[in-house]
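User: I have a chain open here and want to go through it piece by piece. Can you take questions as I scroll?

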Amino acid sequence: MTRPWSSGLSFPRHHHLHSPYQSTTSLEMTTLLSFGSNGSGQLGLSHQEDVSSPSLVFIPHPSSTLPSSVAQIAAGGNHTLLLLTNNQVLYSGDSHNNNKITPTFTPPPLPTPPPTPIRSISATWSASQIATPSQIWVHGHGTKGELALGSGITLATSFQPIPNFPPSNTTIVSISASMSHAVAVLNNGQVYGWGAGRKGQLGPEPSPAVSSPRLVSCPFPVVKALCGKEFTLLLGPPQTGEFLVIGSDKFGIKSNAPSDLKGWKDAGASWGSVILLKEDGSLISWGRDDHQQLAPSDIGPVEKIAVGSEHALALTRDGKVLAWGWGEHGNCGSLEENNKERANVIQIPDEYNLEDQEVTALGAGCATSWIAFEKRR
């Protein structure tokens, strides 16, 4: 068992559509490496041992590479979802079904035909969510309304649709989740949430369990939402810098927030902190820092970020992958080799022969880290 997580995501620049597992050329293949906590096989390495060096993810494809680019990575307490740009979803780790462990990436129990087009994925501690523009499908376990299937429903052994959602004349833009609550952003700028709400992370009416999506009020149109352990961050368009943090103010997540966030490019939430990437490559962060979770100030311009439960990854504009924060399970690389710097430079093993490839996506979860590579264009 590992410590729970907060979703950490980063998106690739290249998108190529292919049917699942079809034969593709090396120019179109993605190599995925993972490291960190792996007690339930959530790293997809075909074993259940923690690793501190980036290791080749086992993929059910003849070349051991993904048949399409990585669009999103979502990680729960002991499981991981991959969304590929060919609309395929893969799953590894705790299956939430009679304690069955799947230590390699395989297709999850989706309905037939599968939902399409899949726009976003997310995960709570022990549940998974898959969103198309018109539907959210949920799978797993949750006692605080994490499944949003109605009062008293705490288990879904296969993916089930959240009933009566989204509202008429709206579509789903994205979903986000943390340990025990989730939110969805709609195309009209509204946000709906469900799951644990005792700290006000789903709005001003605290509730220990919100078992169906409810509107989260916000004074401006929301384009992105993030979930921490006991808070939710709502972001307006980058040009306005508007934002709202609701829920607990633990670690000063509300009271120590900046006055505005103009020019943001991407953002991620850990359990108790926020890290935001601006268009100029600089990082802004606030919140919990007892394990150096906040962004270092001396790493130079950054291109991509991914934020996990208590750690983060960054791709610098000069091509380095850095990690910082709580790294007990190896998710920040080998601490013995990099114990003098706040941010570790992640070393890619030579055996993978990735010199002619570039990083196209990062992921960070519950003490888990991910780096995706593709051939340089």
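User: Which residue in E20 stands opposite Val274?
Analyst: Trp286 is the residue facing Val274 there. Bear in mind that this is a predicted model.

User: How do E19 and E20 pair, and over how many bridges?
Analyst: Strand E19 (residues 273–278) and strand E20 (residues 283–287) run antiparallel, with 5 bridges between them. They make a hairpin with 4 residues in between. In that turn, Gly281 has a positive phi of about 90°.

User: Where does UniProt put the RCC repeats?
Analyst: The UniProt record, an unreviewed entry, places "repeat: RCC" at residues 30–86, 189–238, 281–318 and 319–375. For the span 281–318, the end C-alpha atoms are 11 Å apart. That span is 45% strand and 0% helix.

User: And the whole chain, how many helices and strands?
Analyst: The chain has 0 helices and 26 strands. Of its 377 residues, 60% count as buried. The accessible surface is about 14,600 Å², and carbon and sulfur atoms account for 49% of that. As for contacts between residues at least 6 apart in sequence, 53% join residues at least 24 apart.

User: Switching to the core. Which residues touch the most other members of the largest nonpolar one?
Analyst: Leu66, Leu362 and Ile371, in a core of 31 residues. Several strands give two or more residues to this core, among them E1 (30–36), E3 (70–75), E25 (357–364) and E26 (368–375).

User: What does Leu66 touch?
Analyst: Leaving out residues up to four places away in sequence, Leu66 touches Met29, Thr30, Leu32, Ile59, Leu82, Leu84 and Leu90. There is also a second, separate core of 30 residues, which includes Ala127, Ala131, Ile136 and Cys227.

User: Why would such residues cluster?
Analyst: As a general point, nonpolar side chains in soluble globular proteins tend to be buried together.

User: OK, Thr102. Buried or exposed?
Analyst: Thr102 is buried, because its relative accessible area is 14% and the cut-off for buried is under 20%. Thr102 belongs to strand E6 (residues 101–106). Beyond its neighbours within four places in sequence, Thr102 contacts Gly41, Tyr91, Ser92 and Gly93.

User: Same question for Pro204, buried or exposed?
Analyst: Pro204 has a relative accessible area of 72%, and exposed means over 50%, so Pro204 is exposed. Pro204 lies in the loop between strand E13 (191–197) and strand E14 (207–216).

User: How far is Pro204 from Ile246?
Analyst: Their C-alpha atoms are separated by 8.2 Å, with the two residues 42 apart along the chain.

User: Now the sheet with E15 in it. What is the strand order?
Analyst: E15-E16-E17, an open sheet of 3 strands with antiparallel pairing. The edge strands, each pairing on one side only, are E15 (224–227) and E17 (243–247). On average, neighbouring strands of this sheet are turned by 15° against each other, direction ignored.

User: How many bridges join E16 to E17?
Analyst: There are 5, with E16 covering residues 231–235 and the two strands antiparallel. One of the pairs is Phe231 with Gly247, the latter in E17.

User: What holds strands of a sheet together in general?
Analyst: They pair through backbone hydrogen bonds, in either the parallel or the antiparallel sense.

Note on methods. Residues numbered from 1 in each chain as written. Predicted model: local features only at pLDDT ≥ 70, side-chain atom pairs only at ≥ 80, totals over all residues. Heavy atoms only, no water. Buried < 20%, exposed > 50% of the residue type's maximum accessible area, 1.4 Å probe, protein only. Contact = heavy atoms within 4.5 Å. Areas by Shrake-Rupley, 256 points an atom, 1.4 Å probe, with all protein chains shown as cover. Pairing = 2+ DSSP bridges. Axes fitted to C-alpha atoms, helices over the stretch in contact; angles between N-to-C directions. UniProt positions renumbered as here; feature names shortened; annotations may be inferred. Core = buried A, V, L, I, M, F, W, Y, C linked by side-chain atoms within 4.5 Å.
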